[in-house]
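I opened this notebook to record where the protein meets its nucleic acid partners. The entries below follow the order in which I looked things up.

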Amino acid sequence: MKITPERKQLYGMYHWLMDAYGPQGWWPILSHQGKNPTMTGDFKGYHPGDYSYPQSSTHQFEIALGAILTQNTAWRNVEKALLQLQSARSLSAKKIKQLDINTLKQLIRPAGYYNQKAQYIKNYCDFFSSLKGSVPTRALLLSCKGIGNETADSILLYAYSQPEFVIDTYTKRIFFALGLCKQDESYMTLKTLCEQNLDKDVQLYQEYHALLVEHAKRYYSKKPYGVDDPLPVHCKKKLL
DNA sequence: AACCAGGACGTGA
DNA sequence: TCACGTCATGGT
């Protein structure tokens, strides 16, 4: 691995974030062992520091489901949808396939965009079954309607432990503020920037994305973005 | 009461 | 390629 200024900055940011917030416990899994029902998973995962997840294909499916439901949606709303599916004993690909589309829409309604997401989920259930436990390629996931760049990478990284770095709008805001990219930089450019400057480490990728989200929720949610962000003082690339 | 949330798709330049 | 409109509930 070439030692670049970007590499130094990316690792500097990571260590600062980890020191500040600690392990995040992503991806939140509703049906994990010894769950704490009071923990919402809004700002933290349910099991920080426990890297034994996912532990079953049930978990893998639940993570993918959450990844679709959380598209442009707050996790607390996704959690309501997941809990309703669980109450209906339908938190599995097999069960959802048996559900009437309109019933599914009502169950996931709290997560918003329920008309399109219900169809996306139906699509994914068929896709998931066809995998028969194998790990999907990124291209195959992207061919599934409703799965774009971020959702595909989230599924691969958190459900299948594949070293795919996840980019989201929060990541873009932070990277722009720190001078790592231009405004509205493309998804793939940022993904490549991270993957070419960081060691190919699944645990690192998992924590890094979760930490960026945690940090962004604190400093990059309302405009103007990045006010009082302590990160640049420590990690911003020095200007000439 | 506007504004935002762990995006993706379809459309038209 | 790329900018833009659309999809929708729930919290602040």
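Entry 1. I sorted the residues of the surface near DNA strand B in this predicted model and found 10 nonpolar, 11 polar and five charged.

Entry 2. I then asked which residues come closest to DNA strand B. Of the 26 that surround the strand, the closest are Trp 27, Gly 146, Thr 151, Tyr 170 and Lys 217.

Entry 3. I looked up contacts to phosphate oxygens of DNA strand B. The side chain of Thr 151 places an N or O atom 2.6 Å from one. A polar backbone atom of Glu 150 lies 3.4 Å from a phosphate oxygen, and for Ile 147 a backbone N or O atom is at 3.5 Å. I noted that helix H8 (149-159) and helix H9 (169-177) are the elements giving two or more residues to this surface.

Entry 4. I checked which part of DNA strand B faces the protein: sugar or phosphate supplies 66% of the strand's atoms within 4 Å, and bases the rest.

Entry 5. I turned to DNA strand C, whose surrounding residues include Asn 72, Arg 76, Lys 80 and Tyr 113. I counted three nonpolar, five polar and three charged residues on the surface near this strand.

Entry 6. Does a base or a phosphate of DNA strand C supply the oxygen that lies 2.7 Å from Gln 116? I found a base oxygen there, paired with a polar side-chain atom of Gln 116. Phosphate oxygens lie 3.4 Å from a backbone N or O atom of Tyr 114 and 3.5 Å from a side-chain N or O atom of Arg 109. Helix H3 (75-87) and helix H6 (114-131) each give two or more residues to the surface near DNA strand C.

How values were computed
Residues are numbered from 1 along each chain as its sequence is written. Chains are lettered from A and ligands numbered from 1 in the order in which they are written. This is a predicted model: local features need pLDDT of at least 70, side-chain atom pairs count only at pLDDT 80 or more; totals for chains, interfaces and linings use all residues. Side-chain values use heavy atoms; hydrogens and water are left out. A residue is near a molecule or strand if one of its heavy atoms lies within 4 Å of it. A polar contact is a pair of N or O atoms within 3.5 Å; within protein, one must be able to donate a hydrogen and the other to accept it, and residues adjacent in sequence count only if both atoms are side-chain atoms. Helices (H or I, at least four residues) and strands (E, at least two) are DSSP runs, numbered from the N terminus. Ala, Val, Leu, Ile, Met, Phe, Trp, Tyr, Cys and Pro count as nonpolar, Asp, Glu, Lys and Arg as charged, and the others, Gly among them, as polar.
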